[in-house]
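I opened a fresh notebook page for this chain and kept a list of what I looked up. The entries are short, and they go from the whole chain down to single residues.

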Amino acid sequence: MNNTCLVLLAHGSKNPEWAAPFRKLTADLRADMGDAAVYLCFMENAEPGLMEVAREIMKTSVRKYRLLPMFMAKGAHFHVDIPAAMAEVKTTFPELESELLEPIGLHPLFFELMGNVIKSL
């Protein structure tokens with residue numbers, strides 16, 4: 001088993017329907033990559049949070065997660081809240097390594113895809 005997994009971090013909402021696309025994406029990725037390869041957590045207003053996902057990861061042989069914010073850009077969550085949540089996980093599970101990735105909205109392929117979708121409207 002690979003020693004690294006990917007954790008998708010979506011913002012979260014009080015409306016449970018809001019999370020459906022993220023849950024579907026995660027299920028599709030897990031079907032392709034394996035259940036222990038991809039997880040989903042939320043910043044606020046939805047469950048699970050990062051700590052709950054870290055607990056799940058610790059039940060596997062994986063000891064590193066790469067956190068992918070499903071955000072368009074870097075805001076306060078990226079600069080303040082996410083590092084704080086990751087630090088809390090590190091305090092609880094010091095053996096679990098982490099890497100914070102750039103928000104998905106800043107990836108050149110995502111940006112190009114959005115442009116193509118907008119032009120097609």
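Below are my entries, starting with the overall fold.

**Entry 1: the fold**

I note first that this is a predicted model. I counted the secondary structure of the protein chain and found four helices and four strands. Reading from the N terminus, I wrote the order down as β-α-β-α-β-α-β-α. I then looked up the radius of gyration, which is 15 Å, close to the 14 Å that the globule rule gives for 121 residues, so the chain is as compact as a globular protein of that length. For the extents, I have a C-alpha trace spanning about 45 × 30 × 30 Å along its principal axes.

**Entry 2: contacts, surface and charges**

How many of the 121 residues count as buried? My note says 36% of them. I also checked how far along the sequence the contacts reach: among those between residues at least 6 apart, 72% join residues at least 24 apart. The accessible surface comes to about 7200 Å², and 60% of that belongs to carbon and sulfur atoms. For the charges, I have 12 positive and 15 negative ones, with their mean positions 1 Å apart.

**Entry 3: helix α2**

I went through helix α2, residues 50-58, and looked for buried positions. I listed Leu 50, Met 51, Val 53, Ala 54, Ile 57 and Met 58 as buried. Why do I put them on the same side of α2? They cover an arc of only 160° around the axis, and that places them on one and the same side of the helix. I added a reminder for myself: an α-helix has 3.6 residues a turn, so residues three or four places apart point the same way. Next I asked what covers the buried residues of α2. The cover includes β1 (4-10), β2, β3 (64-69) and α3 (76-92).

**Entry 4: the loop between β2 and α2**

Two residues caught my eye in this loop. Asn 45 sits between β2 and α2, and its phi is positive, about 65°, although Asn 45 is not a glycine. I checked its exposure too: at 41% relative accessibility, Asn 45 is partly exposed, as the value falls between the 20% and 50% cut-offs. Pro 48 lies in the loop between β2 and α2 as well. The peptide bond that joins Glu 47 and Pro 48 is cis, with omega about 5°.

**Entry 5: helix α1, Arg 23 and Thr 26**

Arg 23 is in helix α1, and I looked up which residues Arg 23 touches, leaving out those up to four places away in sequence. The list is Leu 40, Phe 42, Glu 47 and Pro 48. That brought me back to the cis bond, as Glu 47 and Pro 48 are the pair it joins. Arg 23 has a relative accessible area of 42%, so I entered it as partly exposed. I also took one distance: Arg 23 and Glu 56 are 33 residues apart in sequence and 16 Å apart in space, C-alpha to C-alpha.

Thr 26 is in helix α1 too. Is Thr 26 buried or exposed? At 7% relative accessibility it counts as buried, because the cut-off is 20%. With residues up to four places away in sequence left out, Thr 26 touches Leu 8, Val 38, Tyr 39 and Leu 40.

**Entry 6: the loop after α1**

Gly 34 has its place in the loop between α1 (20-33) and β2 (38-42). Its relative accessible area is 26%, so I marked Gly 34 as partly exposed. I took its C-alpha separation from Glu 112, 78 residues away along the chain, and got 28 Å.

**Entry 7: Pro 103**

My last stop was the loop between β4 (97-100) and α4 (108-120), where Pro 103 is found. Pro 103 has 1% relative accessibility, so it counts as buried. Which residues does Pro 103 touch, not counting those up to four places away in sequence? I wrote down Pro 69, Phe 71, Met 72, Ala 73, Lys 74 and Phe 78. I also noted that the C-alpha atoms of Pro 103 and Leu 68 are separated by 6.2 Å, while the two residues are 35 apart along the chain.

Notes
Residues numbered from 1 in each chain as written. Predicted model: local features only at pLDDT ≥ 70, side-chain atom pairs only at ≥ 80, totals over all residues. Heavy atoms only, no water. Buried < 20%, exposed > 50% of the residue type's maximum accessible area, 1.4 Å probe, protein only. Rg over C-alpha atoms; globule rule 2.2 N^0.38 Å. Contact = heavy atoms within 4.5 Å. Areas by Shrake-Rupley, 256 points an atom, 1.4 Å probe, with all protein chains shown as cover. Lys, Arg positive; Asp, Glu negative; His and termini not counted. Charge placed at Lys NZ, Arg CZ, Asp CG, Glu CD. Arc of directions from axis to C-beta.
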